[in-house]
Each structure stands twice: as structure tokens, then as C-alpha cells.
Amino acid sequence: MTVVDPLTSEPKNIGKILCIGRNYARHAAEMHDSVPKRPVIFLKPTTSLIRSGGSIVLPPISSDVHHEVELVVMIGRTGRSIPEDNSLTYVAGYALGLDMTARDLQSEAKARGNPWSVAKGFDTFAPLGDFVPANEIADPQDIKLSLQVNGEIRQDGHTRDMIFTVSYLIAYCSRIFTLERGDLLYTGTPAGVGPVFQGDRLEAMSHQLPTLEVTVR
Ligand code: MG
């Protein structure tokens, strides 16, 4: 899938999609989980992406699909072992995203010690909003993000509450994966996650970022 590149305004193919789990203490608590000492990383396939205006398709093998509103970072240039104090210069732009999660399948995977790829990787499970160029965001740790379902606020968070900051996450991830232009980083969700149902209308909002609106079918 292509998006508008925040650096060039040209269409840009999305590369790999890195995601961070449990990056807000209150979300870890609501999942009855501990606060991680190191970032919890998983990946989604690019086939899980949909744009604003699209529809999330509920998979028949799950009966408990949850919304997770997140700040999404697009990487702007290739880097490996990026120093943390310089890592924000590798960001092309920021957007809102949803890390849709089949919670029942994830709980089963956690209990068995299995990967989360199925619970997180279904088609349509990575809605993605439009990007704002990085130079228009003074501080990625000063962004409010919220999620409404059918007009009712469910998640209301602030990126200052991240356990691992964006600059730390880019540096950390780049020691494992070479980061490339067009890669995405979903940075974890604040508290308030919950189920979505057929016909729901989801709106992810922030003062600084374009609204992401999707429906569930
Ligand atoms: Mg998440």
C-alpha cells in the first residue's frame, strides 16, 4: 500500500511495520500485565494496512477484537544502530494509527507462549491516518491522542506517558532491524482498550494529527 510521503508529498510504499506492546503503564495494568523492562516488539504484515475511510473486517475466528489507538512514526532514511540523541532526525512524519487486536487469540497465544502474529496481523488490522511532516511536530512526547467509538470517548491518552520514548524506541529497534525509509513504528496504546462490533464507527483524534476514521464490518 502507498501513502503520501510526508517529506516529498509523493506516493510512498510502506515497508515493514514494527509495533510496540505495553508501552503505557496504565494499559499494562488494565491487561493485568507487568511494565516491561525492555520494549516488547512485534510486527504486522503490510496487508493489514487500511487508510482512513476504510473498513475493519472482523475475522470469523475471533469474537473479541479490540481497538488500540497509537502514535505512528514513519522512518525517513536508512539507519542501523542509530544513537538515541540523534534518532528523531530519522523520522519522516507522524500519524494516528489503530493496532487492532484479536484479544481472545492474543490471550491464548500469551498463555501458550506463542507469537502474536495471528492476533495482530489480520487484513485490515492496521488502520493508518495521514502523516504530518516531522518538522511540524515539536515534541513527539507532547501529543494527545484519543479514540471515539460511535461518538463516545473510549481512549484519552498523552504520549508523555509512554514508558519508552519515540527517540529511545527508534534507537532500540535500529539495533535489531535496519530501519528504512517508509518503515512504520506503532508506538503502543494508552489505557481504555475495548471491543468493537459490526457497524461501529471509530475516530482516532489528536490536536496535532489528521483524524483517522474507519468503520467495522
Ligand atoms: Mg498496540
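Biologist: How many aromatic pairs does the structure hold?

Modeller: Four aromatic pairs. Keep in mind that this is a predicted model. Take phenylalanine 42 and tryptophan 116: their rings sit 5.5 Å apart, centre to centre, with 55 degrees between the planes, and that makes the pair tilted.

Biologist: Which parts of the chain does that pair tie together?

Modeller: Look at where each ring lives. Phenylalanine 42 is in strand β4, residues 40-44, while tryptophan 116 is in the loop between α2 and α3, so the contact ties together parts 74 residues apart in sequence.

Biologist: And are those two rings buried or exposed?

Modeller: Here a cut-off helps: buried means under 20% relative accessible area. Phenylalanine 42 comes in at 8%, so it counts as buried. Tryptophan 116 has 16%, so that one is buried too.

Biologist: What about tyrosine 168 and tyrosine 172, how are their rings arranged?

Modeller: Planes under 30 degrees apart count as stacked. For tyrosine 168 and tyrosine 172 the angle is 25 degrees and the centres are 5.9 Å apart, so this pair is stacked.

Biologist: Why are they separated by about one helical turn?

Modeller: General idea to begin with: an α-helix has 3.6 residues a turn, so residues three or four places apart point the same way. In this case, tyrosine 168 and tyrosine 172 are four residues apart in helix α4, residues 166-174, which puts about one helical turn between them. Their accessibilities are worth a look as well: tyrosine 168 is partly exposed at 26%, whereas tyrosine 172 is buried at 14%. Together with Phe164, Tyr168 and Tyr172 form one aromatic cluster.

Biologist: Rings can meet charges too. Where does the charged end of arginine 77 sit?

Modeller: Over the ring of tyrosine 90, at 3.8 Å from the ring's centre.

Biologist: Let's move to a helix. Which residues of α2 are buried?

Modeller: Arg103, Leu105, Gln106 and Ala109. To read a helix like this, check how the buried residues spread around the axis. These cover an arc of only 160 degrees, so they lie on the same side of α2.

Biologist: What covers them?

Modeller: The cover includes α1 (25-30), β7 (65-67), β10 (101-102) and α3.

Biologist: Which exposed residues does the face turned away from the buried side carry?

Modeller: Ala111 and Arg112.

Biologist: And what happens just after α2?

Modeller: Check the backbone there: glycine 113 takes a positive phi of about 70 degrees.

Key
Residues numbered from 1 in each chain as written. Predicted model: local features only at pLDDT ≥ 70, side-chain atom pairs only at ≥ 80, totals over all residues. Heavy atoms only, no water. Phe/Tyr/Trp six-rings, centres within 6.5 Å; stacked < 30°, edge-to-face > 60°. Helix = DSSP H or I, 4+ residues; strand = E, 2+ residues; numbered from the N terminus. Buried < 20%, exposed > 50% of the residue type's maximum accessible area, 1.4 Å probe, protein only. Lys NZ or Arg CZ within 6 Å of the ring centre and 35° of its normal. Arc of directions from axis to C-beta. Contact = heavy atoms within 4.5 Å.
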